[in-house]
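Work through the exercises below with the sequence and the model open side by side. Each task is followed by a solution in steps.

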Amino acid sequence: MVIKALNSEEESLTTFGHLFSTARPTMDMFSSLSFSHTHRQDNSLAHNLARHVNSNLVWMEDVPSQLQSVLQADFG
């Protein structure tokens, strides 16, 4: 649903459609732009990061210890 809304020129009527409206001016600055879905097994670092991030976490410089092995596997 998110990818479809990002690729669409029409206004999104979803509850989070206002986010697309806010992003649209930035997206329009590119001469060519497309979005596609990536399965979580193909993007394990982002998937694991999303599982561990909360509003109280600040990540500066060092990789959080619980993500170190995932990061190394991603670049390995």
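Buried means under 20% relative accessible area, exposed means over 50%, and partly exposed lies in between. The model is predicted.

**Exercise 1. Classify Leu33 by its relative accessible area, and state where Leu33 sits and which surface patch it helps to make.**

Step 1. The relative accessible area of Leu33 is 40%. This value lies between the cut-offs of 20% and 50%, so Leu33 is partly exposed.

Step 2. Leu33 belongs to the loop that runs between helix 2 (17–27) and helix 3 (44–52).

Step 3. Together with Met29 and Phe30, Leu33 makes a nonpolar surface patch of about 350 Å². A patch residue needs over 30% relative accessible area, and Leu33 has 40%.

**Exercise 2. Describe the overall make-up of the chain: its elements, its buried share and its surface.**

Step 1. The chain has four helices and zero strands. Read from the N terminus, the order of elements is α-α-α-α.

Step 2. The chain has 76 residues, and 17% of them count as buried.

Step 3. The accessible surface is about 6500 Å². Carbon and sulfur atoms account for 53% of that surface.

Step 4. Take the contacts between residues at least 6 apart in sequence: 33% of these join residues at least 24 apart.

**Exercise 3. Find the buried residues of helix 2, and say how they are arranged and what they pack against.**

Step 1. In helix 2, the buried residues are Gly17, Phe20, Arg24 and Met27.

Step 2. Viewed down the axis of helix 2, these buried residues fall within an arc of 75°, and therefore they line one face of the helix.

Step 3. The other side of helix 2 carries the exposed residues His18, Leu19, Thr22 and Pro25.

Step 4. The partner of the buried residues of helix 2 is helix 1 (2–7), against which they pack.

**Exercise 4. Place Phe20, list its contacts beyond four places in sequence, and describe its aromatic pair.**

Step 1. Phe20 lies in helix 2. Its relative accessibility is 9%, so Phe20 counts as buried.

Step 2. With neighbours within four places in sequence left aside, Phe20 is in contact with Val2, Ala5, Leu6, Ser12 and Thr14. Phe20 and Val2 are 18 residues apart in sequence, and their C-alpha atoms are 9.2 Å apart in space.

Step 3. A pair of aromatic rings is described by two quantities, the distance of the centres and the angle of the planes. Ring centres must lie within 6.5 Å to pair, and planes over 60 degrees apart count as edge-to-face. The count by this rule is one aromatic pair. That pair is formed by Phe16 and Phe20, with 5.7 Å centre to centre and 70° between the planes, and is edge-to-face.

Step 4. The two partners can now be set side by side. Phe16 is partly exposed because its relative accessibility is 26%, while Phe20, at 9%, is buried.

**Exercise 5. Which residues does Val70 touch, and which residues does Ser44 contact, with those up to four places away in sequence left out?**

Step 1. Val70 is in helix 4 (residues 68–75), and Ser44 is in helix 3.

Step 2. Val70 has a relative accessible area of 14% and is therefore buried. Ser44, at 25% relative accessibility, counts as partly exposed.

Step 3. Val70 touches Ser44, Leu45 and Asn48. Along the chain, Val70 and Leu45 are 25 residues apart, yet 5.8 Å separates their C-alpha atoms.

Step 4. Ser44 is in contact with Val70 and Asp74. For Ser44 and Asp74, the separation is 30 residues along the chain and 7.4 Å between the C-alpha atoms.

Notes:
Residues are numbered from 1 along each chain as its sequence is written. This is a predicted model: local features need pLDDT of at least 70, side-chain atom pairs count only at pLDDT 80 or more; totals for chains, interfaces and linings use all residues. Side-chain values use heavy atoms; hydrogens and water are left out. Patches are made of residues with over 30% relative accessible area and no salt bridge: like charges are joined within 9 Å, nonpolar side chains (Val, Leu, Ile, Met, Phe, Trp, Tyr) within 5 Å. Accessible areas come from the Shrake-Rupley method with a 1.4 Å probe; for residues, only the protein chains shown count as cover. A salt bridge is a side-chain nitrogen of Lys or Arg within 4 Å of a carboxyl oxygen of Asp or Glu. Helices (H or I, at least four residues) and strands (E, at least two) are DSSP runs, numbered from the N terminus. Buried means under 20% relative accessible area, exposed over 50%, partly exposed in between (1.4 Å probe, protein chains only). The arc is that of the directions from the helix axis to the C-beta atoms. Contact means heavy atoms within 4.5 Å. Rings of Phe, Tyr and Trp (its six-membered ring) pair if their centres lie within 6.5 Å; planes under 30 degrees apart count as stacked, over 60 as edge-to-face and the rest as tilted.
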